[in-house]
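Trainee: Could you walk me through one part of this model? I'd like the overall picture first, then a close look.

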Amino acid sequence: MIEDCGRRGDNMADRRQLYVEMRAQDLDSIRLSTYRTACKLRFVQKKCNLHLVDIWNVIEAFRENGLNTMDLNAELAMARLEVVLSTLFYQLNKRMPTTHQISVEQSVSLLLNFLLAAYNPEGHGKISVFVVKMALASICGGKILDKLRYIFSQISDSAGIMVHSQFDQFLREVLKLPMAVFEGPSFGYTEQAARACFTQQKKVSLNTFLDTLMLDPPPQCLVWLPLMHRLANVENVFHPVECSYCHTESMMGFRYRCQQCHNYQLCQDCFWRGHASGSHSNQHQMKEYTSWKSPAKKLSHVLSKSLSCASSREPLHPMFPDMPEKPLNLAHVV
């Protein structure tokens, strides 16, 4: 009993530590709820070292602990969930060079506490298999298409058609992640959210599911999910340009250019926090850039475009075959 109380105290301390560190990032000053939510969940992902784990590592940990054969509604005790998370991070350390080893114990404790805050605030000590699969698949690292394929495999029938009630349950659970970082008012679950994504009468195959969730913009309730991946992709992108507000001489991450003011550019921190100077207003339309092209490169691109007949540009969104694909067959994954 005393040991349980001590452990519960440690859990509360770890949970507080995560939220205290997140508040120290001043993410609440980001005025757009989509960016604010994506930044907070990206912070949690990195703090728990989940950004180093992709969906295939997650599937492997599920198989190793027998979750792949369990009923989705079955409940996992905290001790069992802890073993699953430990498997995930011990396997990660095996893949990492010795100079980059992570603290398994700390990663497990932080992630377990975040999941408890999101899915078990009453402290009854159990989380369903479905919740564990959906939560980890949503906030692990890796490619968003792989993650969405796995999620679809869990909410579709044997014919590869989505079960609407399962999708509704997925939304109900995945939207507890924004709520756990205090973004419930913007991204809390509503019954209308599921209907807004797909009509109940429509047969939704894997292709339709991927097309819908990869739209630009995606369904409003899930707009933070692809943004979290875009954030990860641009974190180390360098723009050799001066910010027109804070005058930092180089930008990292996203870059924003005003469509009305001549050569007015903002770094992501200034744009997210609504900063403006001179004649520029934060009501002006801004274009978001994820990379930097020098004027010389732009000119050569324009010239090559005007000289070539056929375009070699890839489509903005992934193209899928006309024939519907089957859901992922995970039987042979080791």
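Trainee: How much area does the chain expose, and what percentage of it do carbon and sulfur atoms supply? After that, please zoom in on helix α13: which of its residues are buried?

Mentor: Sure, with the ground rules first. This is a predicted model, where local features need pLDDT of at least 70 and side-chain atom pairs count only at pLDDT 80 or more, while totals for chains, interfaces and linings use all residues. Residues are numbered from 1 along each chain as its sequence is written, and side-chain values use heavy atoms, leaving out hydrogens and water.

To your opening question: the chain exposes about 18000 Å², and 53% of that comes from carbon and sulfur atoms. Those areas are from the Shrake-Rupley method with a 1.4 Å probe, and for residues only the protein chains shown count as cover. Of the 334 residues, 47% count as buried; buried is under 20% relative accessible area, exposed is over 50%, and partly exposed is in between (1.4 Å probe, protein chains only). There are 15 helices and 7 strands, taken as DSSP runs numbered from the N terminus (helices H or I, at least four residues; strands E, at least two).

Now α13, which spans residues 224-234 and is mostly covered, with 8 of its 11 residues buried. Those are Trp224, Leu225, Pro226, Leu227, Met228, His229, Leu231 and Val234.

What covers it? One partner is helix α7 (residues 144-155), which packs against α13 at an angle of about 145° with the axes 11 Å apart. Axes here are lines fitted to C-alpha atoms, for helices over the stretch in contact, and angles run from 0 to 180 degrees between N-to-C directions. On the α7 side, Ile144, Lys147 and Leu148 meet Leu225, Pro226 and His229 of α13, a contact being heavy atoms within 4.5 Å. By type, the residues of this contact are 4 nonpolar, 1 polar and 1 charged; Ala, Val, Leu, Ile, Met, Phe, Trp, Tyr, Cys and Pro count as nonpolar, Asp, Glu, Lys and Arg as charged, and the others, Gly among them, as polar.

Another neighbour is Thr34, found in helix α2 (residues 33-47). Thr34 counts as buried because its relative accessibility is 18%. Leaving aside residues within four places in sequence, Thr34 is in contact with Phe187, Val223, Trp224 and Leu227, and both Trp224 and Leu227 are on the buried list of α13.

Next, look at the lead-in to α13. Pro217 is found in the loop between α12 (206-213) and α13, and a cis peptide bond with omega of about 0° joins Asp216 and Pro217. That's worth pausing on, since most residues other than glycine have a negative phi, and most peptide bonds are trans.

As for cysteines, the structure holds 0 disulfides, a disulfide being a pair of cysteine sulfur atoms within 2.5 Å. Cys221 is in none: the nearest cysteine sulfur, that of Cys197, is 4.0 Å away. Cys221 itself is buried, as its relative accessibility is 12%. Cys197 also turns up among the residues that Phe167 touches, alongside Ile155, Met162, Ala194, Phe198 and Phe209, not counting residues up to four places away in sequence.
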